[in-house]
Amino acid sequence: MGKLFLLFVLLPIIEISLLISVGEQIGGWNTVAIVVATAMIGSYLVRQQGISTLVHAQQKMQQGTIPGQEVAEGLLLVIAGVMLVTPGFVTDALGFLFCLPMTRPLIAKGLLAKLSVQVVNQAQGGFSGQPGQGFGQRPSSNDDIIEGEYERKDDQKPDTEKLNKPD
């Protein structure tokens with residue numbers, strides 16, 4: 001939750017202060033022109049890289065391989081697209097890092113490694129994710145779980161004559 005706080009509160013403050021200081025140095029309209037240019041260049045680059053990533057994913061699927069790397073890169077491209085159209089220099093820099101073909105595969109590999117570790121940790125913690133409860137073990141007796149069986153008594157079919165008659 002703290003990371004989201006930093007993302008939604010601290011990042012806009014940094015972006016606004018950076019835009020103001022750049023605007024003071026080179027002028028307001030020049031700053032706006034740079035922001036618009038990075039959005040246009042970024043959207044073109046995201047589209048081009050997205051098509052390339054999609055082609056690689058389709059090739060892997062045709063070969064019978066799971067395109068995990070390509071899916072992670074596609075996710076990074078979506079995030080890059082959002083960051084590049086968001087006004088600001090910090091978000092543009094991060095967006096270009098996520099979009100460029102030199103850095104995106106490295107970031108995607110790190111993302112996949114982190115996700116696979118979290119999946120393993122979740123599997124070791126059981127479905128509920130409670131610590132100390134191993135996979136396949138029953139929850140403690142103080143939980144609100146009631147075991148039982150049921151049998152459906154209303155196995156009769158509905159009367160179709162009543163359903164088809166207009167009132």
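The secondary structure of the protein, taken from a predicted model, comprises six helices and zero strands, so that the order of elements from the N terminus reads α-α-α-α-α-α. Of the 167 residues of the protein, 22% count as buried. The protein exposes about 13,000 Å² of surface, and carbon and sulfur atoms supply 65% of this area. Among the contacts with a separation of 6 or more, 53% are made by residues 24 or more positions apart in the sequence.

Helix α3 covers residues 68-85. At 1.5 Å a residue, its 18 residues should span 26 Å, and the distance of 26 Å between its end C-alpha atoms agrees with this expectation. The buried residues of α3 are Gln-69, Glu-70, Ala-72, Glu-73, Leu-76, Leu-77, Ala-80, Gly-81, Met-83 and Leu-84. In reading such a list it is useful to recall that an α-helix has 3.6 residues a turn, so residues three or four places apart point the same way.

Two salt bridges are found when the whole structure is searched. In one of them, Glu-70 is paired with Lys-60, and the closest N and O atoms are 3.5 Å apart. Because Glu-70 belongs to helix α3 and Lys-60 to helix α2 (residues 28-62), this pair ties together parts that are 10 residues apart in sequence. Glu-70 has a relative accessible area of 12% and is therefore buried, given that the cut-off for this class is under 20%. Lys-60, at 26% relative accessibility, counts as partly exposed.

A salt bridge is also formed between the side chains of Arg-104 and Glu-73, with a distance of 3.2 Å from N to O. Since Arg-104 lies in helix α5 and Glu-73 in helix α3, the pair ties together parts that are 31 residues apart in sequence. Both Arg-104 and Glu-73 are buried, and for Arg-104 the relative accessibility is 4%.

The surroundings of Arg-104 can be described further. Arg-104 is placed in helix α5, which comprises residues 104-124. A polar atom of the Arg-104 side chain lies 2.6 Å from the backbone oxygen of Cys-99, while the side chains of Arg-104 and Glu-73 are joined by a polar contact of 3.2 Å. When neighbours within four places in sequence are left aside, the residues in contact with Arg-104 are Gln-49, Thr-53, Glu-73, Leu-76, Leu-77, Leu-97, Phe-98 and Cys-99. Of these, Glu-73, Leu-76 and Leu-77 also appear among the buried residues of helix α3.

Helix α1 extends over residues 2-26 and includes Ser-17. The relative accessible area of Ser-17 is 42%, and this residue is therefore partly exposed, the class that lies between the buried limit of 20% and the exposed limit of 50%. A polar atom of the Ser-17 side chain is 2.9 Å from the backbone oxygen of Ile-14. Although Ser-17 and Gly-88 are separated by 71 residues in sequence, their C-alpha atoms are 9.7 Å apart in space.

A nonpolar patch on the surface is formed by Leu-4, Phe-5, Leu-6, Leu-7, Phe-8, Val-9, Leu-10, Ile-13 and Ile-14, which together have about 850 Å² of accessible area. Phe-5, one of the residues of this patch, is found in helix α1. With a relative accessible area of 52%, Phe-5 is classed as exposed, because the cut-off for that class is over 50%.

Terms used: Residues numbered from 1 in each chain as written. Predicted model: local features only at pLDDT ≥ 70, side-chain atom pairs only at ≥ 80, totals over all residues. Heavy atoms only, no water. Helix = DSSP H or I, 4+ residues; strand = E, 2+ residues; numbered from the N terminus. Buried < 20%, exposed > 50% of the residue type's maximum accessible area, 1.4 Å probe, protein only. Polar contact = N/O pair within 3.5 Å; in protein donor to acceptor, adjacent residues only side chain to side chain. Contact = heavy atoms within 4.5 Å. Expected span 1.5 Å × (residues − 1). Patch = residues over 30% accessible without salt bridge, like charges linked within 9 Å, V, L, I, M, F, W, Y side chains within 5 Å. Areas by Shrake-Rupley, 256 points an atom, 1.4 Å probe, with all protein chains shown as cover. Salt bridge = Lys/Arg side-chain N within 4 Å of Asp/Glu carboxyl O.
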